[in-house]
Amino acid sequence: MQKTGALVVDDQAAVLDDGREPPRHWPLLLVGAAVVPGTLLFLLGRWGDAPAVQAWRTVCLAVTVQALPFLLLGTALSGAINAFVPEGVFNRILPRRPVLAVPVAGVAGAVLPGCECASVPVAGSLIGRGVPPAAAFAFLLSAPAINPVVLTATAIAFPGNPAMVLARLLASLATALVMGWLWLRFGRAEWLKPVVRHTGHRPGRSRLDEFRRGFQHDFLHAGGFLVLGAIAAATFNVAVPRSVLDTFAAAPWLSVLFLAGLAVLLAVCSEADAFLAASLTGFPPVARLAFMVVGPMVDLKLIALQAGTFGRAFAVRFSAATVVVAVACSALTGWGLL
């Protein structure tokens, strides 16, 4: 039962249960999220003329500036889908048999842009509407990993390397499908405690207002993780001794496992992770592919979101299995295409 004044996730926007509106000056918050980090980094660069500080500033600003347009586009499209796409569209396109619904739901993620933060409440809503959990989880994993915005960002981050884009598409889709079928075979109802949430347009409410709320929430939420991820990536590039990187980069399996673990810790949004992966030039392509496949499916913020939506028992088991499957699919796909 919800308590008065508690914070409730409504669609993809944060809304207070007592009816209070989000901050009225949210456009200023959006501008601040885009401008303040760059200003701070510029001032830091002016303050420190050391080569290491200059390198840190360059990497951090480059990652943030390159990824920001894709973050804006992805969150805008996600908000539009939430507000304008009919809520029953998923039930109409999915086959009745769960074993067939899994691949259809996985492929559907390719045409529905959205960040991984939004995919968790959407999956919970799909289950609440009668969609098989296996299909909902396939969509949960594929939507933030293989949508057009993410693939376009990957193509720009890796210019002249279409094999990397294809490898990311295939490895991510394979991971989503395998995890859906694994849940269908081994998943237990007692592990899953979904919270019924509404996603989509509500009668009597303005669609434009719902779009604004969804866009506001997604951009502010994902933008913060983008900036933190850029700072972490720049610090990683500058502060970690080259000898340590060479130790991991020289061993193919160690490099894959290392960057897969780094993706879990950095928790960067899927619209931006390709630019971070491209900056990790000391690692082989297969390891950077694993970074891009694991990140949108398992990271610290997603584990927390899954635990709150589906229960801790589900989040622990599903996240651990997803990491193993994602690393295996990345390795097999990468060594075959890259």
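Tutor: Let's start with a rule: rings of Phe, Tyr and Trp, taking the six-membered ring for Trp, pair if their centres lie within 6.5 Å. Keep in mind that this is a predicted model.

Student: How many aromatic pairs does that rule give here?

Tutor: The count comes to 11 aromatic pairs. One of them is F137 with F310, at 5.5 Å centre to centre and 85° between the planes.

Student: What makes F137 and F310 an edge-to-face pair?

Tutor: Set the values against the cut-offs: centres have to lie within 6.5 Å, and planes over 60 degrees apart count as edge-to-face. F137 and F310 have 5.5 Å between centres and 85° between planes, so the pair is edge-to-face.

Student: Why can we say this pair ties together parts that are apart in sequence?

Tutor: F137 belongs to helix α6 (residues 133-146) and F310 to helix α14 (residues 300-310), so the pair links parts 173 residues apart in sequence. Both rings' residues, F137 and F310, are buried. They also belong to one aromatic cluster, along with W183, W191, F314 and F318.

Student: Next, S172 in helix α8 (residues 162-186). Why is S172 called buried?

Tutor: Buried means under 20% relative accessible area. S172 has 0% relative accessibility, so it counts as buried.

Student: What does the side chain of S172 have as a polar partner?

Tutor: A polar atom of the S172 side chain lies 2.8 Å from the backbone oxygen of R168. The limit for a polar contact is 3.5 Å, so 2.8 Å falls within it. Leaving aside neighbours within four places in sequence, S172 also touches A145, I146, V293 and M297.

Student: And V99 in helix α4: why is V99 called partly exposed?

Tutor: Partly exposed sits between the 20% and 50% cut-offs. V99 comes in at 34% relative accessibility, so that's the class it gets.

Student: Which nonpolar surface patch does V99 belong to?

Tutor: V99 forms a patch with L100, W181 and L184, with about 330 Å² of accessible area together. Helices α4 (98-108) and α8 each supply at least two of the patch residues.

Student: How do you know that N147 caps α7?

Tutor: A side-chain oxygen of N147 lies 3.0 Å from the backbone nitrogen of V149, at the N-terminal end of α7. With a 3.5 Å limit for polar contacts, that 3.0 Å fits. Within α7 (residues 148-157), V149, V150, L151, A153, T154 and A157 are buried.

Student: What about the chain as a whole: how many helices and strands?

Tutor: The protein chain has 15 helices and two strands, and 49% of its 338 residues count as buried.

How values were computed. Residues numbered from 1 in each chain as written. Predicted model: local features only at pLDDT ≥ 70, side-chain atom pairs only at ≥ 80, totals over all residues. Heavy atoms only, no water. Buried < 20%, exposed > 50% of the residue type's maximum accessible area, 1.4 Å probe, protein only. Helix = DSSP H or I, 4+ residues; strand = E, 2+ residues; numbered from the N terminus. Polar contact = N/O pair within 3.5 Å; in protein donor to acceptor, adjacent residues only side chain to side chain. Contact = heavy atoms within 4.5 Å. Phe/Tyr/Trp six-rings, centres within 6.5 Å; stacked < 30°, edge-to-face > 60°. Patch = residues over 30% accessible without salt bridge, like charges linked within 9 Å, V, L, I, M, F, W, Y side chains within 5 Å. Areas by Shrake-Rupley, 256 points an atom, 1.4 Å probe, with all protein chains shown as cover. Salt bridge = Lys/Arg side-chain N within 4 Å of Asp/Glu carboxyl O.
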